[in-house]
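Trainee: I would like a close look at one part of this model. Please take me through a single position and then its wider setting.

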Amino acid sequence: MKKLLIISLGQVTGSNIAKQLNDLIGDFVTIKSIRVTQIDDSAMDCDLILFTSDVVQSVCINKINKDIDCIIAKRVINHKNIERIISLPYDTEVLLVNDAQNSTFEAIRQLEEIGVDYLKYYPVYPGYESYPKIPIAITPGETQLIPDFVEEIMDIGTRILDISTIYEIILRLDLKKFINESLTTRYIKDIVEISKSIDVNRKKIRQSEKLLQTILNTVESGVAYVNGLGKIIRVNKQFENILGENEKNLLLKDISSFLPHIDLNASNNAIITNIKEKEVLITIEHIFFKDDFGYVITVEYTEKISKLDHKIRRNYVSKFTTKLYTFDDYITTNKEVKMLLKRATKFSKTDATILIQGENGTGKEIIAQGIHMHSYRNKNVFIPVNIAAITPNLLESELFGYEEGAFTGAKKGGKAGLFEIANEGTIFIDEIGDAPLDFQIKLLRVLQEKRIRRVGAVEEIPINVRVIAATNKNLLDLIDKGTFREDLFFRLNILPLKTIPLRRRKKDIPHLLKYFINIHFNKEYIKPLRNLFEEETVEFLKNYKWRGNVRELMNLVEYLSFIYEEKKFQLSDLPYYMLEHIDQEEKIHLDHHELWVLANIDENEGIGRGKLRILAEAEKIDLGEGKIRRILKNLRLKQLIEIRGNKKGCCITKKGISILEKLK
């Protein structure tokens with residue numbers, strides 16, 4: 001049996017070629033594989049030597065018997081191992097790593113010849129270091145030579161013998177009489193199958209390319225994809241038009257040749273510059289995905305952006321446009337309230353932030369709308385937002401907006417926040433005292449910087465918004481409790497306003513009753529209050545504490561309009577909760593001395609027994625210090641006053657104020 005000796009530089013290459021030949025002609029020839037370092041006289045016992053490359057031959061030429069027949073192998077890519085390669089997208093950049101310059105370029109040529117010619121190859125071999133840092137590398141079995149920065153390795157295995165080398169071995173060893181045509185069939189079967197896959201894959205790539213280009217050309221902005229080296233790989237028609245260059249002159253050129261002002265690695269990914277004397281906005285998005293990385297560059301004319309921005313805002317504004325209140329809609333005859341409205345009118349002419357504090361139902365939003373309607377922003381949108389009505393995890397995205405993909409469920413294309421929509425107008429933030437602390441930090445930054453950042457975005461968006469905040473809570477108390485930021489309070493409280501509760505506007509009560517009766521009752525019943533209410537009912541309503549303020553009074557009138565039966569309303573006609581209030585207060589009885597003491601404590605917070613006795617003497621009221629002590633004890637037991645220690649005197653309670661207002 002004839003003997004074949006395979007000599008290679010590395011053991012893996014020799015072993016793989018030996019296995020290939022054993023599968024094909026192993027029944028007719030003895031095959032042995034050695035490395036160049038293992039050559040000795042005993043190894044020369046063979047009929048034919050196969051050098052795996054011309055490099056191996058040059059190393060061994062002086063070590064072998066010249067009488068032995070020799071051939072140099074022609075090797076090709078193993079078709080069975082390239083299925084991963086053909087799945088790579090069109091124009092993917094890869095490193096091709098091999099053990100020598102010739103073998104590296106030969107492997108690239110062979111890959112291109114079998115149809116994998118749509119990739120961009122960069123050769124890598126020992127002694128050559130002028131290659132880019134690309135995350136994908138292809139190698140024919142030389143994984144130890146792959147640079148450390150490579151993230152994905154595609155090992156296609158050592159190259160196998162070409163069919164012509166196999167036939168030459170057969171001829172040199174005189175084996176032709178033993179080999180039939182099935183050898184060729186077996187060898188090329190895998191090549192045919194993999195070629196079919198390549199053809200199908202290339203067809204899909206061409207179809208995808210056509211679809212992608214069609215989609216890109218429908219985008220109104222100029223779009224270009226630039227690879228990690230800054231080379232332009234793809235552009236759409238709009239990009240060509242803006243730059244005044246055709247695709248042929250742009251592809252594979254350095255992006256900085258056409259847009260010298262951009263820095264692909266800068267932290268700021270948006271710049272405004274000029275192209276052909278027209279102002280443009282250039283945005284740069286750094287993208288990473290499994291098989292590639294690079295940059296998507298978008299170029300838009302700023303004039304077009306401005307028009308689109310105004311169009312979008314008009315669409316949003318139409319959703320929020322309703323008839324807004326003015327100061328004329330705040331019904332009152334109270335002097336304090338009129339002073340409040342006068343001050344609010346002055347504030348409306350500024351752009352400073354306003355904080356409105358006051359109880360629920362005292363018309364904080366009417367005042368906010370009045371400020372907007374009396375400001376130079378009255379042609380733009382007024383957007384109310386109630387912090388308490390939005391769940392904390394949605395608060396930031398609702399007010400500041402979000403980018404596409406910022407979180408699960410985010411709308412495609414992202415969403416503008418209420419601050420963005422309110423640009424050039426007014427945003428009214430109600431129940432600010434309920435804002436979570438983490439949101440307070442973001443709101444403080446917005447108020448300071450006049451910029452917002454959408455959730456999931458990098459760049460900030462400048463805004464021009466008038467902010468009016470409101471709360472029914474004592475923010476200073478919340479600051480002491482650590483639930484409200486002191487710096488945010490002072491940023492909001494530049495122009496403070498405080499609404500006045502209805503119980504302190506007794507003259508407004510009959511006035512408002514008439515106003516809302518006119519709205520809810522049929523016109524034939526518009527009569528003086530004495531014709532609709534018993535006198536004791538009117539008197540009660542004047543002295544009722546109105547915890548819900550004007551809103552509660554409106555609800556009462558609407559309720560009475562439903563139960564009206566052409567006769568005067570008595571106390572018993574009032575809602576049950578108001579009657580319970582009567583029952584509670586009727587249990588408390590004060591004589592004229594107790595009433596006098598309670599009134600003086602209300603007017604002089606912190607007053608003590610000594611000062612009360614001095615006042616009593618001045619007014620010639622028969623009250624000694626002992627009697628005053630008993631009265632104070634009685635008032636404290638009835639929870640009408642609180643007696644502070646450390647000589648801080650007395651103060652009236654809310655219950656005491658309510659009783660005092662009723663009994664006065």
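Mentor: Ser-348 counts as buried because its relative accessibility is 0%, where buried means under 20% relative accessible area, exposed over 50% and partly exposed in between, with a 1.4 Å probe and protein chains only. The model is predicted, with local features needing pLDDT of at least 70, side-chain atom pairs counting only at pLDDT 80 or more, and totals for chains, interfaces and linings using all residues. Residues are numbered from 1 along each chain as its sequence is written, and side-chain values use heavy atoms, leaving out hydrogens and water.

Ser-348 sits in the loop between helix H10 (335-347) and strand E16 (354-357); helices (H or I, at least four residues) and strands (E, at least two) are DSSP runs, numbered from the N terminus. A polar atom of the Ser-348 side chain lies 2.5 Å from the backbone oxygen of Thr-345. Beyond neighbours within four places in sequence, Ser-348 is in contact (heavy atoms within 4.5 Å) with Ile-371, His-374, Ser-375 and Arg-466.

For the wider setting, the largest nonpolar core has 35 residues; such a core is a set of buried Ala, Val, Leu, Ile, Met, Phe, Trp, Tyr and Cys residues joined through side-chain atoms within 4.5 Å. Elements giving two or more residues to this core include strand E20 (426-430) and helix H14 (437-449), and H14 supplies the largest share, five residues. Ile-429 is among the residues with the most contacts inside the core. Setting aside residues up to four places away in sequence, Ile-429 touches eight listed partners, including Phe-419, Leu-443 and Val-467.

Terms used
A polar contact is a pair of N or O atoms within 3.5 Å; within protein, one must be able to donate a hydrogen and the other to accept it, and residues adjacent in sequence count only if both atoms are side-chain atoms.
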